[in-house]
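Trainee: Could you walk me through this one? I'd like to see how its parts fit together.

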Amino acid sequence: MTLIDALLQGILMGLLFALVALGLNIIFGVMNIVNFAHGEFLMIGMYTTYWTSLLLDIDPLLTLPVAALVGVLLGIASYYSLIRYLLRGPAIAQLFGTFGLMLFLRYLAQFLFGIDYRIIQKGLLIGKSLSIGPFIFDWTKLAAGILSLFAFAFVYYFLNKTKTGKALQATSINKEAASYMGIKTDKMNAIAWAIGGGTVGIAGGLLANFYYVYPTIGILFVMIAFACVALGGFGSIKGVFFAGLLVGILEMVFPVFGSLVNSDFLGPHFKFTIVYLTYFIIVVFRPQGLFGWKN
Amino acid sequence: MLRVTEIEVCYSGIPVVHNVSLHVGQGELVTVVGSNGAGKSTLLKTIAGALHPTKGSIQFEGKDIHKLSTPDIVKLGITYIPEARLIFGPLTVEENLELGAYILNNSEETKKNLDFIYSLFPRLKERRSQLSGTLSGGEQQMLAIGRGLMSNPKLLMLDEPSLGLMPKLVDEMLEAVAKLRTIGKTILLVEQKVFESLDICDRGYVLQTGRTIQEGTGKELLNAEDIKKAFLGL
């Protein structure tokens, strides 16, 4: 793999990371709550695609709307059954609350589906690749990157061009001021959770096309998403996009770079250390993240 | 139009507004004056539904509103423009104004109101696509007032529009408020600038440590000896 190969692959993964982190950042932006269960939402999106495609015998790509819908419903249900009540407690209760939700969903999945690593065997794009000149892309990853970009663009459009999107932004900037405009905070919170769940559901559906599905997969991606949110800037949609790309590129390019310079130190096992090291360096100089405005 | 009857409001169990009553009639400019900490902002926030009275009642157009939430009160036609202005800094001037019209489900009306605000405050039109956080204090206050007017409120409540402005701008701002009254808006104004605001109002209430100590027309209050004593130290 050359550096340019790695760069292109990194961009595709980065687009997917950005979509995973988007919902986390919207929820944080609107209500200052870190959703630790976000990775489990991704895991549920993956299982949704896995089981729907297997049981209905349809192409995994066609299950994406189902994964999105399950994500939206999961987000809304989490908000109305749990999160709304946590808001009345201290910040630490919110922290432990979503942490508890994470453990609950993870072990519920383990109970229902077992600890097996599952992979989708059959699908339009699975196992196929596209060569453009010297570059070879897996179709599944190409689709994941491009469809993530579309989903991200759709949410970006929604937030910036629709009335409800602007009201969400207003609530995230100052919920008291927004309420003086007649904007109901509770409703905006629920919408944030719906978008958060829906986008990560789609991301899970896309990821299931080329990645193992298992109950504890969430932690790997939620840690990346945390880094993207902090790196891009809390509450910043633009920031989380570029941070996703940056993390995707770093993650792919460094191991290749390591093999080129023949260094064990920069091998694939070290890639996340590099990602988080970069993150630390950036936040030391810019604690609010690259595009952040929220304190 | 608005009738506040003997309300008591508490912050964490301690009453800060005691037994206050006031009313605002259609088309009136009523001002509540008093020094810092007299309970003026608390009073407005309570009418706006951000706080709820522990005693007494608030009626708007004959309907009890003191148990409603802020968004529901906004829908009834009461807009509160907070003291801290609370503009949406990362959004543009025009986006802020459009958010003011959130409860209207009619884009033509929103557009019409936008034109009206721009004619009232031409400065905002010049800066329509600028991020509102970069505006000067006076411009931010204009924006806060403009945003409050966007929903066609029946009653506009202004909390210290002169706060933090330089003296020349204070007069300009209060003139703008007086102008709103002449175009038929009903206004409840809260101010620390006692004399300036009594000068432009129809009627006024003087609040001290959470109690109404005097009420009357603007002229009566301006000439009242104890008010001169209390606020000018004469």
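Mentor: We will look at a sheet in chain B and then turn to chain A, keeping in mind throughout that this is a predicted model.

Trainee: OK, in what order do the strands of the sheet in chain B come?

Mentor: The sheet is an open one of six strands, arranged as β6-β7-β8-β3-β9-β10 in chain B, and its pairing is mixed. The edges are formed by β6 (78-81) and β10 (211-217) of chain B, each of which pairs on one side only. On average, neighbouring strands of this sheet are turned by 15 degrees against each other, if direction is ignored.

Trainee: And how many bridges join β3 to β9 in chain B?

Mentor: Four bridges join β3 (residues 29-33) to β9 (residues 203-208) of chain B, and these two strands run parallel. If you want to find one of the partners in β9(B), B:Val30 has B:Arg203 as its bridge partner.

Trainee: Which strands of chain B does helix α1 lie across?

Mentor: Helix α1 (residues 40-47) of chain B lies across β3, β6, β7, β8 and β9 of chain B, and runs at about 150 degrees to β7(B). Helix α6 (residues 137-149) of chain B lies across β6 and β7 of chain B, running at about 170 degrees to β6(B).

Trainee: Switching to chain A, how many helices and strands has it got?

Mentor: Chain A has eleven helices and two strands. Its radius of gyration is 19 Å, close to the 19 Å that the globule rule gives for 295 residues, so chain A is as compact as a globular protein of that length.

Trainee: What share of chain A's residues count as buried?

Mentor: Of the 295 residues of chain A, 51% count as buried.

Methods
Residues numbered from 1 in each chain as written. Chains lettered and ligands numbered in written order. Predicted model: local features only at pLDDT ≥ 70, side-chain atom pairs only at ≥ 80, totals over all residues. Pairing = 2+ DSSP bridges. Axes fitted to C-alpha atoms, helices over the stretch in contact; angles between N-to-C directions. Contact = placed C-beta atoms within 7 Å. Rg over C-alpha atoms; globule rule 2.2 N^0.38 Å. Buried ≥ 20, exposed ≤ 12 C-beta atoms within 10 Å, placed from the backbone.
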